[in-house]
Amino acid sequence: MDRVFFEQLAMPLFDQLYNHACWLTGGDRTDAEDLVQETYAKALKGFGSFAEGTNLRAWMFRILRNIFLTSKSGLAARNTQYLEDDELRTDLAMAHDLTPELLLLRSQSEHAVFTALESLPVNYRQIILLSEVEEMSYREIAEVLDVPPGTVMSRLSRARASLRAALNANAGQEVR
């Protein structure tokens, strides 16, 4: 497999990998860029060992995860930030004719979810992001995390319960 073939397959994953890296690094864009750059460098170097026809996306996320876990700040990364800035939110709101009241309610809900996600351990945050944001199947997540699919289901269940508890604690009321 050659470099051009690698680029055709791997480059469409760039935004997904970068967004996930931002979450893992607590919103530090410089660390996220370094993480993604190193992921692509290692993937290109090891692309000869990639079996064509298997899941490249899971393979790339697994490389990113392993680099993150072995990095100096990987396990210490506890905080995340919004990937969007306020200006982008305003432009988006105007584009969809949202009222200021709807925009405020949406912003408060998003903030509550992001705050609750930030409070979760990295392993729980990562599995929720792979499932809910990246929309990976249990099998894909199992490949990324190198665990059986049953373990993914149980970890995801515990992560969702922790997220629900964090939302309840932040809101002071039960969230269903």
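This passage describes helix α3, its residue Y40, the aromatic pairs and the loop that follows α3 in a predicted model. Residues are numbered from 1 along each chain as its sequence is written, and side-chain values rest on heavy atoms, with hydrogens and water left out. Because the model is predicted, local features need pLDDT of at least 70 and side-chain atom pairs count only at pLDDT 80 or more, whereas totals for chains, interfaces and linings use all residues.

Helices are taken as DSSP runs (H or I, at least four residues) and are numbered from the N terminus. Helix α3 (29–45) has 17 residues and reaches 24 Å from its first C-alpha to its last, close to the 24 Å expected at 1.5 Å a residue, where the expected span is 1.5 Å times one less than the number of residues. At the N-terminal end of α3, D28 acts as a cap, with a side-chain oxygen 3.0 Å from the backbone nitrogen of T30; such a polar contact is a pair of N or O atoms within 3.5 Å, of which, within protein, one must be able to donate a hydrogen and the other to accept it, and residues adjacent in sequence count only if both atoms are side-chain atoms.

The buried residues of α3 (buried being under 20% relative accessible area, exposed over 50% and partly exposed in between, with a 1.4 Å probe and protein chains only) are A32, L35, V36, T39, Y40 and A43. They cover an arc of only 130 degrees around the axis, which puts them on the same side of α3, the arc being that of the directions from the helix axis to the C-beta atoms. An α-helix has 3.6 residues a turn, so residues three or four places apart point the same way. The buried residues of α3 pack against α1 (3–10), α2 and α4, while the face turned away from the buried side carries the exposed residues Q37 and K45.

Within α3, Y40 is buried, with a relative accessible area of 10%. Leaving out residues up to four places away in sequence, Y40 touches F6, A10, M11, L13, F14, L17 and M60, where contact means heavy atoms within 4.5 Å. The side chain of Y40 also has a polar atom 2.7 Å from the backbone oxygen of A10 and reaches the backbone nitrogen of F14 at 3.1 Å.

The structure holds nine aromatic pairs, defined as rings of Phe, Tyr and Trp (its six-membered ring) with centres within 6.5 Å, counted as stacked with planes under 30 degrees apart, as edge-to-face over 60 and as tilted for the rest. The rings of F14 and Y18 have their centres 6.3 Å apart and their planes at 0 degrees, so the pair is stacked. Being four residues apart in helix α2 (residues 14–24), F14 and Y18 are separated by about one helical turn; F14 is partly exposed at 34% relative accessible area, whereas Y18 is buried at 15%. Ring pairs link F5, F6, F14, Y18, Y40, F47, F50 and W59 into a cluster.

The loop between α3 and α4 (56–70) contains N55, which counts as buried at 18% relative accessibility, and T54, which counts as partly exposed at 45%. A polar atom of the N55 side chain lies 3.0 Å from the backbone nitrogen of A58, and a polar atom of the T54 side chain lies 2.5 Å from the backbone oxygen of A51. Neighbours within four places in sequence aside, N55 is in contact with F50, E140 and E143.

Methods: Helices (H or I, at least four residues) and strands (E, at least two) are DSSP runs, numbered from the N terminus.
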